[in-house]
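Subject: Structure handover

Hello,

Here is the structure for your files. My notes on it follow below.

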Amino acid sequence: MGPYQIESYGKGGVVGLGGELEHANAMLTTVFAAPLREAVGGAAAWIPSFTKLASPGSAIDVPLAHKDALYVRSHYNGVSIALPSDAPAADEVALIVCLANRGRLNARVGGLAAKDIVGKDGLR
């Protein structure tokens, strides 16, 4: 992200048709998430995720949320990713990480503002 501070994140996984959805979920949990949290700094909030079983060339929508407090509504967003036409193969799993340096433009649905985060539990 170069000079930009990461404010929100999300993760996703696409499992080839010969695999099991549980393979992506297993890879995206603690072994994957702990280093991601460390790399983005802070990151007390859970990392939103979505996984699916799909054919090569499928698309996935990866949800985003603020990295330090789940209730920061301005950072509820998503990123659409289209995989290449040859991925994932039947026996492959594609793991995806999405990062953002801000919330949505013109966000106005209320809730906790990023500047007002005080908790250490990832909720507020």
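Which residues is A54 in contact with, leaving aside its neighbours within four places in sequence? They are V14, V15, G16, L17 and P88. Please keep in mind throughout that this is a predicted model.

Two of the residues just named, A54 and V14, also belong to the largest nonpolar core. That core has 10 residues, and the other members are I60, V62, L64, L83, A94, I96, C98 and A100. Two strands, β3 (59-66) and β5 (93-100), each supply at least two of its residues. The biggest share comes from β5, which gives 4 residues. There is also a second, separate core of 7 residues, with A33, L36, V40 and A43 among them.

On the overall fold: the protein chain has 2 helices and 5 strands. Read from the N terminus, the order of elements is β-α-α-β-β-β-β.

On dimensions: a compact globule of 124 residues would have a radius of gyration near 14 Å, and the protein chain, at 15 Å, agrees with that. The C-alpha trace spans about 45 × 30 × 25 Å along its principal axes.

On packing: buried residues account for 35% of the 124 in the protein chain. If one takes the contacts between residues at least 6 apart in sequence, 74% of them join residues at least 24 apart.

On surface and charge: the accessible surface is about 7,100 Å², and carbon and sulfur atoms hold 55% of it. The protein chain carries 11 positive and 11 negative side chains. The centres of these two sets are 14 Å apart.

One loop residue may be worth opening in your viewer. A45 sits in the loop between α2 (30-40) and β2 (49-53). Is A45 buried or exposed? Its relative accessibility is 1%, so A45 counts as buried, the cut-off being under 20%. Not counting residues up to four places away in sequence, A45 touches Y9, R37, H66, K67, D68, A69, L70 and G122. As for V109, which lies 64 residues from A45 along the chain, the two C-alpha atoms are separated by 20 Å.

Regards

Terms used:
Residues are numbered from 1 along each chain as its sequence is written. This is a predicted model: local features need pLDDT of at least 70, side-chain atom pairs count only at pLDDT 80 or more; totals for chains, interfaces and linings use all residues. Side-chain values use heavy atoms; hydrogens and water are left out. The radius of gyration is taken over C-alpha atoms; the globule rule is 2.2 Å times the number of residues to the power 0.38. Buried means under 20% relative accessible area, exposed over 50%, partly exposed in between (1.4 Å probe, protein chains only). Contact means heavy atoms within 4.5 Å. Accessible areas come from the Shrake-Rupley method with a 1.4 Å probe; for residues, only the protein chains shown count as cover. Lys and Arg count as positive and Asp and Glu as negative; His and the chain ends are not counted. The place of a charge is taken as NZ of Lys, CZ of Arg, CG of Asp or CD of Glu. A nonpolar core is a set of buried Ala, Val, Leu, Ile, Met, Phe, Trp, Tyr and Cys residues joined through side-chain atoms within 4.5 Å.
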